[in-house]
Amino acid sequence: MTSENTLDDEDTFKILIATDIHLGYLEKDAVRGNDTFNTFDEILKCAKQNQVDFILLGGDLFHENKPSRRCLHSCISLLRKYCMGDTPILFDVLSDQAVNFSNSKFPWVNYQDENLNISIPVFSVHGNHDDPTGADGLCALDLLSSAGLVNHFGRSQSVERIEISPVLLQKGSTKLALYGIGSIPDERLYRMFVNNQVTMLRPKEDQDQWFNLFTIHQNRSKHGATNYIPEQFLDDFLDLVVWGHEHECLINPSRNEQRLFYVTQPGSSVATSLSPGEAVKKHIGLLRVKGRKMNLQKIPLHTVRQFFIQDLVLSEHPDLFNPDMPKVNQRVEAFCQEKVQFEYLSQFNICLSLKVDYSGGFEAFNATRFSQKFVEQVANPKDVVHFIRQKEYKAKVKEGVDFGQLLSHSSTEGLRVEDLVKEYFLTAEKTVQLSLLTEQGMGKAVQEYVDKEEKDAIEELIRYQLEKTQRHLQQRGVLTEEEIDQEIRRFRESKKNTAEEDEEVQVALNRAKAHRIERGEDLDLSDEPDVSMDSDEDSAPPPPTRGRGRGGRGRGRGQTTARRGRGLFLSKIYSLMRKGKLYLCMYILTTAFVCMCGCVLCVNVFVPVCLGAAEPKPAGRARSQKASVVNPTQGRNIMDGEWLLCFSNLSVCVCIIVLIYYSSSIPPSFSSLHSAAFLAPPQRPSRGAVAAKSYTDEVSPSHSHLCLLL
């Protein structure tokens, strides 16, 4: 870095850097509604006063994905006020602008538009608050881009591979390559970096003469195993990284000793949360670049509302407070009020957060009543005081084990089981670290065991990876123990964080599920009938009842002490259907239907015809009139036609008996045809705790079937 006294000449880029402005935050608040707009006005005014070449924004220009009309109107008004004018632009764009601004309807930098008069160009990437959404993938920055006020760059639509093409700028002899990438879910971008799917393109000519400036909007601090972007993932040819999304102001460039580039974190220009990082003084940066040298001057923001945060632990003041004291709550409230009035209210309309730790037997006082005392003195009267209580872990401390550190709330908050497993093996001692398996695969297996109760997930993963490693060693033909250890480590490292590792985990999980199904543990209770549909075909026969057939009293024809009638027959058919024997059910039902049709046809058609043929028909009757009934007093013998009725009934009975007996003797090959298309669910024991009947028991011929069909 050069000194701050660098002369501003025709070879020096002057760039104003700011991130996370969050326009529209609390815009409906009576006190703080204009804070973000006032600060944005100060930022643009500072850019104009310092006669910068352009403004670089690191994302989250807006606080909402769909900003209000008032917010958009204020933003457009301020950009038009400060960024339009007759001041000439002293740098040129050398790269293909159709690639840099490919998502815009006007794919060129705004100051080169003949219909616009731009004095200070604004280059910006989108953040996670104003990211593109919807069917067209548009964001608020696209509206400003179409209006010619902002140059939106660093946008990628691919979820498989990202190619970052820089905006190549030149001022005099200084060449600047401006890289940028908008906000992407951290887990996805982390995996893409690991799988080498993020490529940063470089100029073909004179690569060592370009100053490489990169703007990113992601998590910098570690919030989980993959919920951040490590600085080591970025390319080492970069010179300066402007890091957005993090709100704590760390604008002084810090050097990454592994990649040898500098990182600056301007932070937010407004406090959006009551955290210690937001209480740090807010700044923006004025970056000067000449050749391959740079200088960053931090400029404090004066319109930002001051924010103070104070922690008060009641248990640390035993001389003032004791849970057993009378009216201890009133004494605590009076102490907090005195502390606020004498230490913070000397400055008007500040934001104040007083966090009171009342663990140790204390009780919280009325926070709303306390806040009402400072309505016209602080900017956030609704949340002046916050009560917190530290968790107390009562664990038996064993020798050599620090359970307090193991159960630390800060180390496990927001982490998944997979992340904890991976972090444990990565931070464990060398004697405990994995040498054959991978941390990611083991973490996923444990996650399946915890979340989905997949008991065989871990065992199958170990077995599968062990088999695969053995096959690899056999193919390589290693013999000595040293060669085996080296080859195992090489093979393990080659598949870490790759698609092959994900495939191994998926194969192991599929094998675990298959074993569970083979053991009959994969029960789908949604297909089981409810209590009202549950039949008792496997239980002991009930006591004799009368008139309990399906159609009510009098419908159970021919019932005896054994279960008969259509209820028994339908329960048998339902039992066969539950077992998946669909073809057998269809065969029995078809046979019964044919027999019943034959019986009805014989009794109602052939017998009346024969009886009518034996009697003389009266003459002179019209076709619409009924035939006269035979006088019952007249004697008839069996030869008059009744023998036909008896014979037909006897024939039907014999036919039914033969067909039912034949249906019960169907070979297994025919009854098992259903297995080609359906898989029968496992049987459940009945409520009577009686062993299930066999297939032949349920469809064996009995007189109950005969009584039903007759």
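Contact here means heavy atoms within 4.5 Å. Keep that in mind as we walk through what is a predicted model, where local features need pLDDT of at least 70 and side-chain atom pairs count only at pLDDT 80 or more, while totals for chains, interfaces and linings use all residues. Residues are numbered from 1 along each chain as its sequence is written, and side-chain values use heavy atoms, with hydrogens and water left out.

Let's start at Trp 243. This residue is found in strand β11, residues 240-244; helices (H or I, at least four residues) and strands (E, at least two) are DSSP runs, numbered from the N terminus. Is Trp 243 buried or exposed? Trp 243 has 0% relative accessibility, so it counts as buried. The scale works like this: buried is under 20% relative accessible area, exposed is over 50%, and partly exposed is in between, with a 1.4 Å probe and protein chains only. If you skip the neighbours within four places in sequence, Trp 243 is in contact with residues including Thr 19, Ile 216, Arg 220, Leu 234, Val 263 and Pro 266. Another of those partners is Gln 218, whose backbone oxygen lies 2.8 Å from a polar atom of the Trp 243 side chain. His 217 sits 26 residues away from Trp 243 in sequence, yet the C-alpha to C-alpha distance is 6.0 Å.

Next, have a look at strand β7, residues 167-171. Since 4 of its 5 residues are buried, β7 is largely enclosed by the rest of the structure. Two strands pair if DSSP finds at least two bridges between them. Strand β3 (residues 92-93) pairs with β7 in the antiparallel sense over 2 bridges, and strand β8 (residues 174-181) also pairs with β7 in the antiparallel sense, over 5 bridges. Gln 170 is a handy residue to click on: Asp 92 stands opposite it, and in β8 its bridge partner is Lys 175. β7 and β8 form a hairpin with 2 residues between them, and Gly 172 in the turn has a positive phi of about 65°.

Further along the chain there's an open sheet of 3 strands, in the order β16-β17-β18, with parallel pairing. β16 (307-313) and β18 (385-388) stand at the edges with a single partner strand each, so one side of each has no neighbour in the sheet. On average, neighbouring strands here are turned by 20° against each other, direction ignored. β17 (residues 351-357) is joined to β18 by 4 bridges, and Lys 355 has His 386 in β18 as its bridge partner. Helix α6, residues 328-343, lies across β16 and β17 and runs at about 150° to β17. Axes are lines fitted to C-alpha atoms, for helices over the stretch in contact, and angles run from 0 to 180 degrees between N-to-C directions.

What about the cysteines? A disulfide is a pair of cysteine sulfur atoms within 2.5 Å, and by this rule the count comes to 0. Cys 83 has its closest cysteine sulfur in Cys 75, at 9.3 Å, which is too far for a bond. Cys 83 is buried at 3% relative accessible area, and Cys 336 is buried at 0%.

Finally, a word on confidence. pLDDT is the predictor's confidence in each residue, from 0 to 100. The protein chain has a mean pLDDT of 76, with 65% of its residues at 70 or more. Over residues 392-414 the pLDDT is below 50, and this stretch has 11 contacts beyond near neighbours in sequence. Residues 613-640 are also below 50, with 10 such contacts in the model.

Terms used
A polar contact is a pair of N or O atoms within 3.5 Å; within protein, one must be able to donate a hydrogen and the other to accept it, and residues adjacent in sequence count only if both atoms are side-chain atoms.
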